[in-house]
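Trainee: Can we go through this one together? I'd like to know what backs up the labels.
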Amino acid sequence: MLYQTIRRPYHHAIPTSRLGTKHESLASFADAVSADRQKENKKQHDNDVPTEFSLVVILSPNAHLINDDTHGSNTGEDNASNASKGISVLLGKKLRGFGEGFYSCFGGKLEKSQGEHNQPAKGAVREVQEETGINIPLPVMEDGYVGTINFTFEDCDVNRAMRVRLYCVFVTLSHDAKYMTSSQTPNSTEDHIIDNGQNKYINGAQFPVTVHPNQIRGCDEIEPRWFHNIYEVPLDQMFADDSLWLTMLLSHYDVVGDNEPPKFMFNAWYHFHPGGTETNSIMHHFIQINTSKPPKLTFEKRLFHALHINRIHSPSIKEFKENWAMANAVRKFMKDDTRMEYVLDVAGGHGALGALFLLLVPRCHTAIVIDPAKCVSGKRGVSDAWSRFWSNDTNNSETTKKTLRYRHECLRTGLREELKCIFQQTKSTNVTVVACHACQHLTDETLQIASEFGVNVAVMPCCQKDHDGWWKGLANRLVNSSDDDNASLSIGALMDLLAAGKMMSWETGASAGVQYQVKMKLMDAAISLQNRMILCCASRCQS
């Protein structure tokens, strides 16, 4: 299931009689407003420029998990009735001025002198910082743009037209977040972004800003307060239009399922009865929703999303991309899935590379991570995020259970012992040993042990060194003798070629009765500069 929007009643909804007439088009809305004005002999200030405002909806996926009431978290019945696993919304109670006693989102008049009319997100950033203490980086605010809300009033001689630029941002509360005083502003998005790589959105719902709970505080104008149950927001203490657009936005993001919904965007027009906050009643309204279907995610993006939505940082984005690229390169080179029934991930840490073989290769049923280091958070992260994918593997026609397990032992003993145990179940050519970003020493040992046992092996070396200095000199001479002025041969490339050449020797694997077909492939350099992979496929020698 991608996602499913939860539909529940809002417990403090205002009577529908105060929401006015709903129109199906902007033309119908405009005609109705004009007709009412003609009946009352009132002239519309058509030539007046609406006063510009910003308004920001602040949502959080984890505020309900933070035990901190210093910033006005709601307690009592509405908190206990549904401490849901869904979103929380931060609202502000007006302490003075227009709308005193009402709850609302955060915003205010755009300052033309500060260039906010041309860049309204700047005004939104300023207002949120002043009213809540939360510093939202400008690019994040701009990405959170929802649409425009237009207000006109029947008593236009008292209340002039307004145009509100609406934004929606998500914040994650964390006691580990960088704390900033009210005089500080974020230097860049990096001050608040949890490792989100190249994706500012997860299917449109952004989760880039982290905030220390004590960062949130009010001012003399407004007092912020979390509502952990969105269906308990005090709509009867809010402006009438909130009962229409805000409930739609909150319901859109209150979902269950594996993925987040697409970004919610709309434009709205409201025409109010006379009387301001005393009547707080709408005559006519029209909401134009900019619908967009959620993008169909590739399997790679679904796996990445599963890491991101669970706040898992090990594997990192770079490690995930490297592991994904290597697993696919090995899979395509081996061709026959039976060669990867067992995969041993050497020095794999979190085990993402081994786990990807379980996910990508239907015949792969066991992945074993051999690493003396106990990467507890990484192990838990990979298991929490991905285990459901291989437990519900619809590509696997067999009922074989897929297993990811860890052996905390050094390569020299751990790999040998695992291979001996596996050979009691299958033949050597059904086993593949992999190592991503293996230092030169680890690369050499992995290739040596794999060839001793006659199993398939693939490594992506790194940190290659020329201990005696001779090979570096040869590399320089080979380049200098080339007719191509742009020729270059790094010591790393030369050492990898030597390792691949050794695996191609007729003697390599002979004791185990196999010969190796060897290829070198390059990963996209944008993923990793250490991008050379040595792929070795074992085949039984013909007598």
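Mentor: Sure, let's take the labels in turn.
Mentor: This is a predicted model, where local features need pLDDT of at least 70, side-chain atom pairs count only at pLDDT 80 or more, and totals for chains, interfaces and linings use all residues. Residues are numbered from 1 along each chain as its sequence is written, and side-chain values use heavy atoms, with hydrogens and water left out.

Trainee: Why is Lys519 called partly exposed?
Mentor: Its relative accessible area is 41%. Buried means under 20%, exposed over 50%, and partly exposed in between (1.4 Å probe, protein chains only), so Lys519 with its 41% gets the middle label.

Trainee: What makes Lys519 part of a positive patch?
Mentor: Lys519 gathers there with Lys332, Lys335 and Lys521 on the surface. Patch members have over 30% relative accessible area and no salt bridge (a side-chain nitrogen of Lys or Arg within 4 Å of a carboxyl oxygen of Asp or Glu), and like charges are joined within 9 Å. Lys counts as positive, and its charge is placed at NZ. The 41% of Lys519 is over the 30% needed, so Lys519 meets that condition.

Trainee: Where does Lys519 sit in the fold?
Mentor: In strand E19, residues 514-522. Strands are DSSP runs of at least two residues, numbered from the N terminus.

Trainee: Which residues does Ala325 touch, leaving out those up to four places away in sequence?
Mentor: Met523 and Ile527, where contact means heavy atoms within 4.5 Å. Ala325 lies in helix H7, residues 317-334. Ala325 and Asp524 are 199 residues apart in sequence, yet 8.3 Å apart in space, C-alpha to C-alpha.

Definitions and conventions: Patches are made of residues with over 30% relative accessible area and no salt bridge: like charges are joined within 9 Å, nonpolar side chains (Val, Leu, Ile, Met, Phe, Trp, Tyr) within 5 Å. Accessible areas come from the Shrake-Rupley method with a 1.4 Å probe; for residues, only the protein chains shown count as cover. Helices (H or I, at least four residues) and strands (E, at least two) are DSSP runs, numbered from the N terminus.
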